[in-house]
Amino acid sequence: MKLAIVGAGTIGRGWAALGVAHGWDVTLFDTDARTLEAAVDETGRRARALVQLGRADAAQVELGLARLGRGRSLLHACGQADWVVEAVGEDLHLKQRVFENLDQLARPDAILSSSSSSLPITEISSRCRSQTRCVVTHPLNPPELIPLIEIVPGKFTAPETVERVRDWLRQLDRIPIALKREVPGNVVGRIAAAVWRECIDLVLTGVVDVDEIDRAVSLGPGLGWAAGGPHLTYHLGAGDRGVGAFIQQLMQAFETWWGSLAQWTKLEPEQVRALTSQIERAYGDKIEALHASRDRRLAAILHALESSRRA
Ligand SMILES: NC(=O)c1ccc[n+]([C@@H]2O[C@H](COP(=O)([O-])OP(=O)(O)OC[C@H]3O[C@@H](n4cnc5c(N)ncnc54)[C@H](O)[C@@H]3O)[C@@H](O)[C@H]2O)c1
């Protein structure tokens, strides 16, 4: 399987580490030569870290790393690929340009997917002759660890395109969900934005500190949601009487809370400064160590979920 990744930043490196960990033939491309070199190194580190975390097989990783290539040009990177994943910055005009070029340079049967968190593929691919092979495959960060991928078809995406990427994503041990239509932020971004706004509001209005709201989310709804999403959680929330009883009991309370939730859509610069300084005060500047311990917890949670599914 030949995978080309265009844009070797945070997300491109994650896609590359994932492909490498499955022994795929991966080529990374970036317009910035130094970024590309750094990305190849980091891809190796991230793929080997997956072995340490029990998420990849050492022999497969070494096979993938031996195959990992640097694209000397967009054509060199993508001309032979079965699947091209775009991971350039979140800028519609930039992505449109990249897709227009990919449409001309990639094999006619190659699939072109965008990692975009919020831009519709219908717009991103608007300058392509073949929009049927274009689709969003939206990962979560870090893509090599979090298995969920949102597949978002545009107005012109062919159903076979969705099925082909779904199949490849499963081969990469991902858990894809396919949206029925485009919505801003896809599904995951909308949920994250809704919860984050309320968390920010609770911090900035002095109800709770950053570390405690993070703990409240991780060990409260986050832990429950890891075991079963909100609807299953509430279906089980009224003993054996099911979701109908839960709604009867608690809908009024939820309606009162919904009426008092934060509604703003913009943060003022001084609020951004206050939030940033509170987060930095809570966690300090040891970003690398924080990454490593977060990844260890993610791997442990995934392992526990997989073991419980097998039991
Ligand atoms: N960072 C996240 O948490 C996250 C999560 C999910 C999805 N995404 C999405 O993934 C995409 C990439 O995000 P990121 O955070 O990795 O960005 P980033 O800024 O870290 O990386 C983007 C890379 O693209 C390169 N680039 C720019 N123009 C290019 C071109 N024409 N050809 C090739 N390379 C080019 C840049 O040099 C840079 O290295 C965005 O669409 C974003 O919405 C990001």
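This tour moves through the sheet, the helices packed around it and the ligand shell, one selection at a time.

The model is predicted: local features need pLDDT of at least 70, side-chain atom pairs count only at pLDDT 80 or more, and totals for chains, interfaces and linings use all residues. Numbering starts from 1 along each chain, following the sequence as written.

**The sheet**

Begin by selecting the strands (DSSP runs of E, at least two residues; helices are runs of H or I, at least four residues; both are numbered from the N terminus). An open sheet of 8 strands appears, in the order β3-β2-β1-β4-β5-β6-β7-β8 and with mixed pairing. β3 (69-70) and β8 (175-178) stand at the edges with a single partner strand each, so one side of each lacks a neighbour in the sheet. Two strands count as paired if DSSP finds at least two bridges between them.

At the β3 edge, select β2 (residues 25-29): 2 bridges join β2 to β3, and the two run parallel. Leu28 has Arg70 as its bridge partner in β3.

Move next to β6 (134-139). β6 pairs with β7 (residues 148-153) in the antiparallel sense, over 5 bridges. Within this pair, Val136 has Val152 of β7 as its bridge partner. From β7, 4 bridges lead on to β8, with the strands running parallel. Here Ile149 stands opposite Pro176 of β8.

**Across the sheet: α5**

Select α5 (92-105). The helix α5 lies across β1 (2-6), β4 (83-86), β5 (111-114) and β6, running at about 165° to β4. Axes are lines fitted to C-alpha atoms, for helices over the stretch in contact, and angles run from 0 to 180 degrees between N-to-C directions.

**Helix α1 and its two partners**

Display helix α1 (residues 10-21) with helix α2 (residues 33-52); their axes come within 8 Å and cross at roughly 55°. That angle makes α1 oblique to α2 (under 35 degrees is roughly parallel, over 145 roughly antiparallel, 65 to 115 roughly perpendicular, and the rest oblique). The contact (C-beta atoms, placed from the backbone, within 7 Å) involves Gly12, Arg13, Gly14, Ala16, Ala17, Val20 and Ala21 of α1, with Ala39, Glu42, Thr43, Arg46, Ala47 and Leu50 of α2. By class these residues comprise 7 nonpolar, 3 polar and 3 charged (Ala, Val, Leu, Ile, Met, Phe, Trp, Tyr, Cys and Pro are nonpolar; Asp, Glu, Lys and Arg are charged; the others, Gly among them, are polar).

Now add helix α3 (residues 58-67), whose axis comes within 7 Å of that of α1, crossing at roughly 115°. Gly19, Val20 and Ala21 of α1 meet Gln60, Val61, Gly64 and Leu65 of α3. This contact has 4 nonpolar, 3 polar and no charged residues.

**The ligand shell**

Centre the view on the ligand. Of the 24 residues around the ligand (C-beta atom, placed from the backbone, within 6 Å), Gly7, Gly9, Ile11, Ser117 and Asn141 come nearest. Helix α1, α5 and β6 each supply at least two residues of the shell, and α1 gives the most, with 3 residues. The shell divides into 9 nonpolar, 12 polar and 3 charged residues.

**The last pair: α8 and α9**

Finally, select helix α8 (residues 186-204) and helix α9 (residues 210-219), which pack at an angle of about 145° with their axes 10 Å apart. Val195, Cys199, Leu202 and Val203 of α8 are in contact with Val210, Ile213 and Val217 of α9. This contact has 7 nonpolar, no polar and no charged residues.

Conventions
Two residues are in contact if their C-beta atoms, placed from the backbone, lie within 7 Å.
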